[in-house]
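Tutor: Pick one part you'd like to look at closely, and we'll work outwards from there.

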Amino acid sequence: MPSVNDLFAHNRAWAAQMERDRPGFFSSLTKQQKPKFMWIGCSDSRVPANQITGLDPGEVFVHRNVANVIVHSDLNALSTVQFAVDMLKVEHIMVVGHYGCGGVLAALNNTRVGLADNWIRHIQDVRDRHRGLLDNMAPEQRGDALVDLNVIEQVVNLSVSTVMMDAWAKGQKVSIHGWAFGVHDGLLQDLHMTVASTDAIEPTYRAAVEGVIAARARP
Ligand SMILES: [Zn+2]
């Protein structure tokens, strides 16, 4: 396991390597950031936005919390989205869950973890909304299905936020995507929950939930 001092050593080596490979990289970063992408993901250490997508510093604006939840009273998440959409003019926002997510599994199994139970309650609301669908699946499928459903519901929550509704009403081109990451294979899955206008929310939502059923329902 690396020590704290190792982190500084790694950092110096990384900065030197970047400057050798791409002279002027850091001085160009100081001028401004112009990312096209925003990533809303889980805080889980196994799901680092830049490494998974091969994006450099300056290319993706990131917000992470336990189980990638978007709540309309969360000023942290909404302020980050508002800055990304209104100031940075990002073109794509990805809401990214991951299989084996501790927050989602705690929600599914009613595991008490402490203060975070109140946060995880939002995922239990998703579970309860889709109770019939989940009950119809083999028990070992339910965790992955709830990861997918949580992403789909959080895309809806973001889509109906004032920030997104105002941006789309002005004709701004910005899409929200729902993805899931496989910690076991390192691959991203598209959950076909891509929304680029208020009108698209409802039909896209219904098709995406059908996709979860088709992928995981008992034969
Ligand atoms: Zn997680």
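Student: Which residue in strand 3 does Ile-40 stand opposite? Could you start there and then walk me through what lies around it?

Tutor: Sure! Before we start, this is a predicted model, where local features need pLDDT of at least 70 and side-chain atom pairs count only at pLDDT 80 or more, while totals for chains, interfaces and linings use all residues. Residues are numbered from 1 along each chain as its sequence is written.

Your residue, Ile-40, stands opposite Val-95 in strand 3. When I say strand or helix, I'm talking about DSSP runs numbered from the N terminus: E for strands, at least two residues, and H or I for helices, at least four. Ile-40 has company, too: Met-38 has Ile-93 as its bridge partner in strand 3. In total, five bridges join strand 1 to strand 3 (residues 92–98), and the two run parallel. DSSP has to find at least two bridges between two strands before we say they pair.

Now look at strand 2. Six bridges join strand 1 to strand 2, and these run parallel as well. One of the matches is Phe-37 with Val-60 in strand 2. In general, strands of a sheet pair through backbone hydrogen bonds, either parallel or antiparallel.

Zoom out and you get an open sheet of five strands, in the order 2-1-3-4-5, with mixed pairing. At the edges sit strand 2 and strand 5 (188–190), each of which pairs on one side only. From one strand to the next, the twist averages 25°.

So much for the sheet; what about its cover? Five of the six residues of strand 1 are buried, so this strand is mostly covered. Buried means that 20 or more other C-beta atoms lie within 10 Å of a residue's own; with 12 or fewer it's exposed, and in between it's partly exposed, the C-beta atoms being placed from the backbone.

Helix 4 (residues 75–87) is a good place to see this in action. Its buried residues are Ala-77, Val-81, Ala-84 and Val-85. Seen down the helix axis, they fall within an arc of 90°, so they line one face of helix 4. (That arc is taken from the directions that run from the helix axis to the C-beta atoms.) What covers them includes strand 1 (37–42), strand 2 (60–65), helix 8 (139–159) and helix 9 (162–169). Contact here means C-beta atoms, placed from the backbone, within 7 Å. On the other side of helix 4, Leu-75, Asn-76, Ser-79 and Met-87 are exposed.

You can check the length of helix 4 as well. The expected span is 1.5 Å times one less than the number of residues. For the 13 residues of helix 4 that should come to 18 Å, and the end C-alpha atoms are 17 Å apart, which agrees. After helix 4 comes Lys-89, with a positive phi near 60°.

The loop between strand 2 and helix 4 holds Asn-68. Asn-68 has a phi near 40°, which is a positive value in a residue other than glycine. Asn-68 counts as buried because it has 31 C-beta neighbours inside 10 Å.

Back to the sheet and helix 8: this helix lies across strand 3 and strand 4 (175–181), running at about 160° to strand 4. Angles like that run from 0 to 180 degrees between N-to-C directions, with axes as lines fitted to C-alpha atoms, for helices over the stretch in contact.

Helix 8 turns up again beside helix 10 (residues 201–216). The buried residues of helix 10 are Thr-204, Ala-208 and Val-212. They cover an arc of only 80° around the axis, which puts them on the same side of helix 10. What covers them includes helix 8 and strand 4. The face turned away from that buried side carries exposed residues, including Glu-202, Arg-206 and Glu-210. With 16 residues, helix 10 reaches 23 Å from its first C-alpha to its last, close to the 22 Å expected.

Terms used. Contact = placed C-beta atoms within 7 Å.
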